[in-house]
Amino acid sequence: MTLRLPERLGRRPATPPEGTEPRQVVVIGGGIAGLATAALLASRGHSVDLLEKNDELGGRVGSVERDGFRFDTGASWYLMPEVFEHFFELLGTTAEAELDLRVLDPSYRVFFEGHDEPLDLRPDRAHNRALFESVEPGAGAAFDAYLDSAQDTYDLALRRFLYSNFDSSSSFLRTDVVRRTPALAGLLTRSLESHVASRFSDSRLRQVLGYPAVFLGSSPDRAPSMYHLMSRLDLGDRVLYPQGGFTRLIEVIASLAERHGARLHTGATVSRIITGQHSRGRPRATGVEHVDADGARRTTPADVVVGAADLHHLETSLLPERLQTHPEAAWRRRSPGPGAVLAMLGVEGRLPELTHHSLFFTSDWAQNFGDIFGRDSRVPDPASVYVCKPSETDPSVAPEGCENLFVLVPVPADVSIGSGDDDGAGSPLVERTVDAALDQVAAWAGVPDLRDRVRVRHTVGPADFERRYHSWRGGALGLEHNLRQSAFLRPGNTSAKVDGLFYAGASTVPGVGLPMCLISAELVLKRLTGDHSSVPVVR
């Protein structure tokens, strides 16, 4: 089935202002936001060069192959399918034509500390309602009201906020926004945790509804309750998976960028954004300096530079202080969201105890999230753990008779936790964290010999995120979605000091996650075409 953004959103054509000529564009960073930006701008006739410092495209959405196993290293949830469909439509194709998407059933399984039986959430609203009712009498009706509110808030976000650069007040003056102003004020000033707790009593249901805060790089007590809209995605819709993994998604977007004429360069490390004087006296971006894969220093001229790498790195390392919109001092007031310890494991034999997505929730969430975000941060012990088993759905990611596991432990964004490596050779704290997570999964899911069955082990720590992606403080996702870093309070996607310098990716609007990064690319397109609307553009 082809999913599209509702027609009522009133999408606008991406038509350049009269007299606008094709421009020479340089995109810094070859993650999904950079690739999407390169594809969209090249499709509109601009001459685009993308520069990626690593030898592979994809950024955090990378891939590791060993002994017949292929691991995605980053994203693993395919949510908001209508955003992907809209993006592909802008490039003259469809998600159906480009990807082999499978519906996950169950959508995910949740194990709870202190409870023997896990809960399976499915792509079936009626099933999920009945499940809530079975856990807590009366929770079925509360579930209906909660998801209805999530759907309404999600629709409003698509219409007025997610596709907005917030460079016009018109979005806020629309009747549908004005009418909801009192409710929106409450959703923005109340935490997701308190919003859920006022409606549900059972701790398991509260955790299921609070966990989407982690997708936003936050915690239930820090994320605004506006983000209860996320439950519309996993409880009221389908969770999908692209066969071949998320590496396949990167391959498709890179191919589309090249098909439209973008030139994608790997092993190209940008060292400086070059600026000159505009005729009006303001500095303007005129190109970038970079070192290519052969070690030669090169200059690529540009009329427009789009920084799709980590915003902190772009601002504080590639620009002189006088031209920084976000100087080092500004970052002392910001939160990078969580870091992560990752383990990619090739396991002998089958693991029917786990589904494609499995979550392991500790009972003391206040302690767990306090360890991650609190002043005296540390690696949580025990930790809430996420496990992806893509071999449940995709036979290409593991040898026959084996399982592919991706284990994620949220930790503080702290590079001192260290880095990972192959076969237990990473930093001691990273490896201890992985061992503890494996023992926890083994005990809770009933797989006592799990550690003994691991044939391949590759780990990643916060220091790897900093080294590979210039990630600020080793954060895993991008700036946290708390009240001060959401919507129009998030760092904007234009430089206030340098004309022709724009930003895309997880540290700018609209936020973290694959769909948000695709939208961030479209927001750059809207900047260049002078589109001040809050609705998606059309091809």
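Strand 2 (residues 24-28) and strand 14 lie side by side in the parallel sense, with four bridges pairing them. Keep in mind that this is a predicted model. Strand 14 also has another parallel partner, strand 20 (residues 501-503), so let's look at strand 14 and then at the cysteines.

**Strand 14 and its partners**

- On the strand 2 side, Val-26 has Val-305 of strand 14 as its bridge partner.
- Three bridges link strand 14 to strand 20, and these two strands run parallel.
- One place to spot that link is Gly-307, whose bridge partner in strand 20 is Tyr-503.

**What covers strand 14**

- Are the two faces of strand 14 (residues 304-307) buried or exposed? Both are covered: Val-304 and Val-306 are buried on one side, and Val-305 and Gly-307 are buried on the other.
- That puts two bridge residues among the buried ones: Val-305, the partner of Val-26, and Gly-307, the partner of Tyr-503.

**The cysteines**

- A disulfide is a covalent bond between the sulfur atoms of two cysteines.
- How many disulfides does the count come to? It comes to zero, with sulfur atoms needing to be within 2.5 Å of each other to qualify.
- Cys-388 is in no disulfide, because its nearest cysteine sulfur, on Cys-402, is 17 Å away and the cut-off is 2.5 Å.
- Cys-388 is buried, at 4% relative accessible area.
- Cys-517 is in no disulfide either: the nearest cysteine sulfur belongs to Cys-388 and is 19 Å away.
- Cys-517 counts as buried too, with 8% relative accessibility.

Conventions: Residues numbered from 1 in each chain as written. Predicted model: local features only at pLDDT ≥ 70, side-chain atom pairs only at ≥ 80, totals over all residues. Heavy atoms only, no water. Buried < 20%, exposed > 50% of the residue type's maximum accessible area, 1.4 Å probe, protein only. Pairing = 2+ DSSP bridges.
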